[in-house]
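User: I would like to learn how to read a structure like this one, feature by feature. Please give me the general idea each time, and then the case at hand.

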Amino acid sequence: MEMKMSKPICVNEEYKDAVVVGAGFAGMYMLYQLGQLGMSAVGLEAGDGVGGVWYWNRYPGARCDIESMQYSYSFSRELEDEWDWSERFAGQQEILSYAQHVAERFGLIEKINFNARVTKAEFDETTSTWVVIVNGDRAIRAKFLLLATGSLSASSMPDIKGIDTFRGQSFHTGKWPHEPVSFEGKKVAIIGTGSSAIQCIPKIAQEAEELLVFQRTPNFSVPLHNRPLSESDYKYWRSNYQELRHQMRYARGGFVVDKGMPSALEVSPEERDREYTKRWNNGGLGFTAAFEDLLFSKEANNTAAEFLRRRIANIIQDKKIAEVLTPSGYPVGAKRICCDTSYFETFNKNNVRVIDVNKASIKEITERGISTSEEMHEVDSIIFATGYDALTGAITRIDIRGRGGQLLSDKWSAGPRTYLGLLTANFPNMFMITGPGSPSVLANMIMAIEQHVDWIHDCLAFMDSNGMDEIEPEVSAEEDWVNHVNELAQKSLYYNANSWYLGANVPGKTRVFMPYIGGLGNYRSICDEISEEGYRGFSFKSSSTTKVVEK
Ligand code: NAP
């Protein structure tokens, strides 16, 4: 279908029907779908290649913890058939190669401008268009602004005195260098013990002379049990792919997992243990699906926590070290559960030491290392595995202004406000892909991305065929959705931990639960119902009521 979009506004500006910010999996699929609609679109990407998080996160051990046959696009049967994943859980390099393959195969590369960071975007009410500023000086005007900026892409550095004075090498896991980094013979410090740290600690410990792990909160982690994919795996997946993809689309987490039992408290301790052991041995995120009440009942959750604590005690030989690394005081899954390959085992090595910063607090980073309240640690390298200003950071770090010049970061100062995580009132035609208020990080991101992009595709087609120029949520619909997202989260145990889901890792960020916990399948049905009911809760403006200046 060829879409009839407005003409260029002014001779000195570039004009596109749509600007897509970010060339990760969301941006690439959005560009593909805009192409299907016949719209002119440009992708703007700060990096010099596609892949998003998989472009930036090149730290040793970086790997996806959703199975590769599930963490891959489902929109093209040919793509599914022609791409062979080598492992059950793909590593960063293979996922990046896949992203590059997709970009080339579907002609997306030529639509993307690389090294193009969007610094500002302002809605021009007189023409119903967005003026997008790239690298501070280039202007592109577009009818639609599509933010495919990623949920975990705005890296967060700790506020530690003297952080810039360190003379050795320093890295953030989310901005890892493209050239190989060797830790051979080096004394290395790593700050953080989240998913990124848990993946790279075992790898770095194999190389470094000494590895010091600065831990603030111990994490629950289950083994990944990665392995090469076999012929029989392929046979199974390829002969059932359509049915399995359907299941993924309607699954709570966007991936196929053995269905759990209703309650951990309704089975005997032996049966519970068998279930946890089965899932532990199977590996990956399926552990938390063992019982449906794990994230809703403290008592049920305790049974999973106790199981995982026993495992840590069995793996780590030194009781004192095991104690430091054993999580307590928050429920399993309330902080994102980690998946590892020999994480706890690594602390049995003589060259690895954990430092509990609750006891030996970090006072300062100096030219030579990290000084705590207990001692000075001279190191050659410091790795900041300190995470992200999640879900909102990549959006609010752009100077985005809607109607009347309202700043998006002001509107969201007490937490993000969206309708369905897709749009926000007063910022017409600005779609967010997997934005706050949608399942996003609680689901297999690729399935969540496809659902959002497909919905946006249909919405743009609807607008075109009905002569609509603007879409934005009604304030009351947005209010109801924000309340609904909060009410669901409050019924869960998610508020019982200081997690990035809540923004608790970023000093000064309002503590509010950002993703939608109702599950991807339910969320998909809600979005479909809303569009089938004529886009309930959205208001539209037609061409006759907006001015477009002809070139
Ligand atoms: P993260 O989970 O936010 O972990 C950051 C770590 O840094 C935490 O241990 C945090 O401690 C610590 N930290 C932050 N500031 C600190 C400070 N000032 N002093 C001491 N410690 C500090 O970040 P991440 O590990 O990069 O992971 C983020 C998310 O990305 C994951 O949860 C996951 O969703 C995704 N991810 C997935 C994979 C995968 O597919 N396997 C891999 C990597 C990342 P506190 O816990 O006390 O805040």
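Analyst: Let's begin with how the elements are named: helices and strands are DSSP runs, numbered from the N terminus, with at least four residues for a helix and at least two for a strand. Please keep in mind that this is a predicted model.

User: Thanks! With that naming, where is the place of Thr434?

Analyst: Thr434 sits in the loop that runs between strand E18 (430–432) and helix H13 (445–465).

User: What should I look for in the backbone there?

Analyst: The sign of phi is a good start. Most residues other than glycine have a negative phi. Thr434 is not a glycine, yet its phi is positive, at about 55 degrees. Ser342 is another non-glycine residue with a positive phi, of about 65 degrees. Ser342 belongs to the loop between strand E11 (338–340) and helix H10 (343–346).

User: Are these two residues buried or partly exposed?

Analyst: The cut-offs settle that: buried means under 20% relative accessible area, exposed means over 50%, and partly exposed lies in between. Thr434 has a relative accessible area of 5%, so it is buried. Ser342 has 36%, so it is partly exposed.

User: Now the ligand. How many residues surround the ligand, and which are the closest?

Analyst: There are 22 residues around the ligand, and the closest are Thr193, Ser196, Arg216, Thr217 and Lys335. As a chemist you will want the class make-up too: the shell has eight nonpolar, nine polar and five charged residues.

User: Which polar side-chain atoms should I inspect?

Analyst: Start with pairs of N or O atoms. In Ser196, a polar side-chain atom is 2.6 Å from a ligand oxygen atom. In Trp500, a polar side-chain atom is 3.0 Å from an oxygen atom of the ligand. For Gln199, an N or O atom of the side chain lies 2.9 Å from a nitrogen atom of the ligand. As for cover, the ligand taken alone exposes 920 Å², and the protein buries 87% of that.

User: Which helix gives the most to the shell around the ligand?

Analyst: That is helix H5 (residues 195–207), which supplies three residues. Looking at the shell by domain, at least three residues come from each of domain 1 and domain 2.

User: How is the protein divided into domains?

Analyst: Domain 1 is made of several segments, 14–154 + 390–467 + 500–535, while domain 2 spans 169–384. Taken over C-alpha atoms, the centres of the two domains are 27 Å apart. Their contact takes 44 residues from domain 1 and 42 residues from domain 2.

User: How do I read the surroundings of a single residue?

Analyst: Check the element, then the accessibility, then the contacts beyond the sequence neighbours. Ile198 lies in helix H5, and its relative accessible area of 1% is why it counts as buried. Setting aside neighbours within four places in sequence, Ile198 is in contact with Thr193, Asn219, Ser221, Cys338, Cys339, Asp340 and Tyr343. The C-alpha atoms of Ile198 and Thr341 are 8.3 Å apart, although 143 residues separate them along the chain.

User: What about a charged residue such as Arg245, where is its place?

Analyst: Arg245 is in helix H6 (residues 231–250). Its relative accessible area is 2%, so Arg245 is buried as well. Beyond residues up to four places away in sequence, Arg245 touches Met69, Gln70, Ser72, Tyr73, Ser74, Glu80 and Met447.

User: And for a loop residue, is Phe287 buried or exposed?

Analyst: Phe287 is buried, because its relative accessibility is 1%. Phe287 is found in the loop between helix H7 (269–282) and helix H8 (298–315). Contacts outside its sequence neighbourhood include Val222, Tyr276, Trp280, Phe307 and Ile337. The C-alpha atoms of Phe287 and Ile337 are separated by 9.3 Å, with their positions 50 residues apart along the chain.

User: Let me finish with a strand: which residues does Lys120 touch?

Analyst: Lys120, part of strand E4 (residues 118–124), touches Val131, Val132, Ile133, Ile398, Asp399 and Arg401, leaving out residues up to four places away in sequence. At 28% relative accessibility, Lys120 is partly exposed. Sequence separation alone does not tell you distance in space: Lys120 and Gly185 are 65 residues apart along the chain, and their C-alpha atoms are separated by 44 Å.

Key:
Residues numbered from 1 in each chain as written. Predicted model: local features only at pLDDT ≥ 70, side-chain atom pairs only at ≥ 80, totals over all residues. Heavy atoms only, no water. Near = heavy atom within 4 Å. Polar contact = N/O pair within 3.5 Å; in protein donor to acceptor, adjacent residues only side chain to side chain. Areas by Shrake-Rupley, 256 points an atom, 1.4 Å probe, with all protein chains shown as cover. Nonpolar A, V, L, I, M, F, W, Y, C, P; charged D, E, K, R; others polar. Domains from an automatic or database assignment. Buried < 20%, exposed > 50% of the residue type's maximum accessible area, 1.4 Å probe, protein only. Contact = heavy atoms within 4.5 Å.
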